[in-house]
Amino acid sequence: MRRLVLDKKETIIEELRRIDVDPDAYAIFLQKADHISVKFDRLSCAQAHILKQTALVSGADAAIPRTAYKGGRGRKFPLILFANRREIARIEQRLHEQPWMEPVRQELKALLSEAAKPVLEIGKKRFTFDR
């Protein structure tokens, strides 16, 4: 076993080619390899717990302070979410079922839309569609 450093799209695709992965699956693996860490600063205790549990169910993870486990009415807590784009999309979809989590859901939705610019490569030319 060896650890891979997959910091570029080209490196990921090259490793997938080396082990003969179906090219139709590249997009899925590219999403999984793209980890994002994002910090929320002022979540209620309930929001922090719901987001952490939703992250875990979606295959991601979230760090919350020890004091959040004790709760506290009116207190605000930070949370760091560790996820890839696919997991963030799952979390955003699950939060849609809980209207009181709408502000968090909207932030995740905005995060997904900023990084979702399709790129077309033709030969050595690269076209980014950002409108």
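Helices here are DSSP runs of H or I at least four residues long, numbered from the N terminus. With that in hand, welcome to this structure, which is a predicted model. A good place to start is Glu 92, which sits in helix α4, spanning residues 85-95.

**Glu 92 and its surroundings**

Is Glu 92 buried or exposed? Its relative accessibility is 14%, and buried means under 20%, so Glu 92 counts as buried. Setting aside neighbours within four places in sequence, Glu 92 touches Arg 105, Leu 108 and Lys 109. With Arg 105, the side chain of Glu 92 also forms a salt bridge, at 2.2 Å from N to O. This pair ties together distant parts of the chain: Arg 105 belongs to helix α5 (residues 102-115) and Glu 92 to helix α4, and the two are 13 residues apart. Both partners, Arg 105 and Glu 92, are buried. For Arg 105, the relative accessible area is 7%.

**The salt bridges**

How many salt bridges does the structure hold? There are 6 of them. Besides its link to Glu 92, Arg 105 meets the side chain of Glu 102 in a salt bridge of 3.0 Å. Glu 102 and Arg 105 both lie in helix α5, 3 residues apart, which is about one turn of the helix. Glu 102 has a relative accessibility of 26%, so this residue counts as partly exposed.

Another salt bridge joins Glu 14 and Arg 18. These two residues share helix α1 (residues 9-18), where they are 4 residues apart, again about one turn of the helix. Glu 14 is partly exposed, with a relative accessible area of 33%, while Arg 18 is exposed at 54%.

Here are the three pairs described above, with their N to O distances.

| Residue pair | Distance, N to O |
|---|---|
| Glu 14 and Arg 18 | 3.6 Å |
| Arg 105 and Glu 92 | 2.2 Å |
| Glu 102 and Arg 105 | 3.0 Å |

**A closer look at helix α4**

Let us return to the helix that holds Glu 92. Which residues of α4 are buried? They are Arg 85, Glu 87, Ile 88, Ile 91, Glu 92 and Leu 95. Looking down the axis of α4, these buried residues fall within an arc of 160°, so they line one face of the helix. At the N-terminal end of α4, Asn 84 acts as a cap: one of its side-chain oxygens lies 3.0 Å from the backbone nitrogen of Arg 86.

**The sheet beside it**

Helix α4 lies across strands β1 and β3, and runs at about 130° to β3. Those strands belong to an open sheet of 3 strands, in the order β1-β3-β2, with antiparallel pairing. Where are the edges of this sheet? The edge strands are β1 (35-44) and β2 (61-63), each of which pairs on one side only. On average, neighbouring strands of the sheet are turned by 25° against each other, with direction ignored.

The pairing of β1 with β3 (residues 76-84) is antiparallel and runs over 8 bridges. Within the sheet, Ser 37 stands opposite Phe 82, a residue of β3.

**Bringing it together**

Helix α4 is a handy landmark for finding your way around. Asn 84 caps its N-terminal end, its buried residues line one face, and the helix lies across β1 and β3. From Glu 92, the salt bridge to Arg 105 then leads on to helix α5.

Terms used. Residues are numbered from 1 along each chain as its sequence is written. This is a predicted model: local features need pLDDT of at least 70, side-chain atom pairs count only at pLDDT 80 or more; totals for chains, interfaces and linings use all residues. Side-chain values use heavy atoms; hydrogens and water are left out. Buried means under 20% relative accessible area, exposed over 50%, partly exposed in between (1.4 Å probe, protein chains only). Contact means heavy atoms within 4.5 Å. A salt bridge is a side-chain nitrogen of Lys or Arg within 4 Å of a carboxyl oxygen of Asp or Glu. The arc is that of the directions from the helix axis to the C-beta atoms. A polar contact is a pair of N or O atoms within 3.5 Å; within protein, one must be able to donate a hydrogen and the other to accept it, and residues adjacent in sequence count only if both atoms are side-chain atoms. Two strands pair if DSSP finds at least two bridges between them. Axes are lines fitted to C-alpha atoms, for helices over the stretch in contact, and angles run from 0 to 180 degrees between N-to-C directions.
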